[in-house]
Amino acid sequence: VIPESPRWLISQGRFQEAEDIIRKAAKTNGVTAPDVILDPSELQDLDSQKQQTYTILDLMRTRNILTITIMSVILWMIISVGYFGLSLDTPNLHGDVYVNCFLSAVIEVPAYIISWLLLRNLPRRYSMAAALFLGGCVLLFIQLVPSHIRALSIMLVMLGKFGITSAFSMVYVYTAELYPTVVRNMGVGASSMASRLGSILSPYFVYLGAYDRFLPYILMGSLTVLSGILTLFLPESYGMPLPDTIEQMLLVKGLEYRPATGSTRDTKEEEENPEIFKSTAF
């Protein structure tokens with residue numbers, strides 16, 4: 001039922017299918033589509049280019065995309081450890097277990113709303129980093145709370161889950177914007193796989209509470225703060241056109257562009273004209 005991505009169809013040379021989807025979307029939204037959506041001259045140039053097949057190995061094709069892939073995998077894994085670790089540790093908190101589970105679920109509602117507002121109005125990198133710093137720092141502060149002030153420790157745990165949940169919802173959008181159209185599904189899929197590994201590890205962080213009650217919070221808080229620092233090195237995608245090819249990807253901070261080994265003539269042409277779709281009505 002869900003239509004295919006017009007960007008992906010264009011990258012595969014299936015221009016008529018892409019235009020049909022765009023016209024159908026315009027009709028559904030009550031918008032009058034222009035007579036010419038895709039520039040025929042540009043489409044002819046694209047159609048003449050050799051269509052390349054991409055594999056999971058292309059996530060390591062250049063130094064830049066390899067760095068983004070490694071950073072995304074680490075980021076998703078740490079966020080997943082914090083999110084599921086806090087969720088699984090909820091019954092171990094002081095007070096009524098049912099009230100704590102209810103609070104743990106309710107706190108996600110404002111977290112999703114805040115993340116939606118941040119994604120619409122503020123840069124991705126700083127929004128993600130702020131949410132991770134908030135979640136990590138409050139978890140580190142739990143060990144400083146006196147034992148008789150139990151309500152404060154519960155509030156800090158919920159605030160920590162608020163920050164990590166916000167980051168977890170934003171990382172889906174941010175990662176998808178970092179990867180180009182040709183490998184976007186594989187990039188997000190690899191990152192999501194790393195997230196599942198993090199969810200597998202999360203119960204063992206909770207089990208560490210048997211040795212020291214604050215040890216899970218110290219580890220999860222420290223890793224979350226480190227992931228916030230890692231986020232600051234990712235390129236900013238807010239307000240930028242989505243990349244369609246690997247060569248159009250935004251560079252990681254501190255890296256210089258190096259073309260892929262064995263680049264073809266088409267790739268060189270794409271480097272000279274990185275905004276190949278920019279002048280079309282689409």
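Buried means under 20% relative accessible area, exposed means over 50%, and partly exposed lies in between (1.4 Å probe, protein chains only). Keep that in mind for this tour of a predicted model, where local features need pLDDT of at least 70, side-chain atom pairs count only at pLDDT 80 or more, and totals for chains, interfaces and linings use all residues. Residues are numbered from 1 along each chain as its sequence is written, and side-chain values use heavy atoms, with hydrogens and water left out.

**Stop one: α2**

Select residues 15-28, helix α2 (helices are DSSP runs of H or I, at least four residues, numbered from the N terminus). Its 14 residues should span 20 Å at 1.5 Å a residue, and its end C-alpha atoms are 20 Å apart, which agrees. Now colour Phe15, Ala18, Glu19, Ile21, Ile22 and Ala26: these are buried. Look down the axis: the buried residues fall within an arc of 160°, so they line one face of α2. The arc is taken from the directions from the helix axis to the C-beta atoms. Turn to the other side of α2, where Gln16, Lys24, Lys27 and Thr28 are exposed. Just after α2, click Gly30, which takes a positive phi of about 70°.

**Stop two: α10**

Select residues 215-231, helix α10. Its buried residues include Pro216, Tyr217, Met220 and Gly221. The buried residues cover an arc of only 160° around the axis, which puts them on the same side of α10. They pack against α4, α7 (124-141), α8 (150-178) and α9 (184-207), where contact means heavy atoms within 4.5 Å.

**Stop three: Leu57**

Select Leu57, in the loop between α3 (40-48) and α4 (63-89). Leu57 is exposed, with a relative accessible area of 57%.

Conventions. Helices (H or I, at least four residues) and strands (E, at least two) are DSSP runs, numbered from the N terminus. The expected span of a helix is 1.5 Å times one less than its number of residues.
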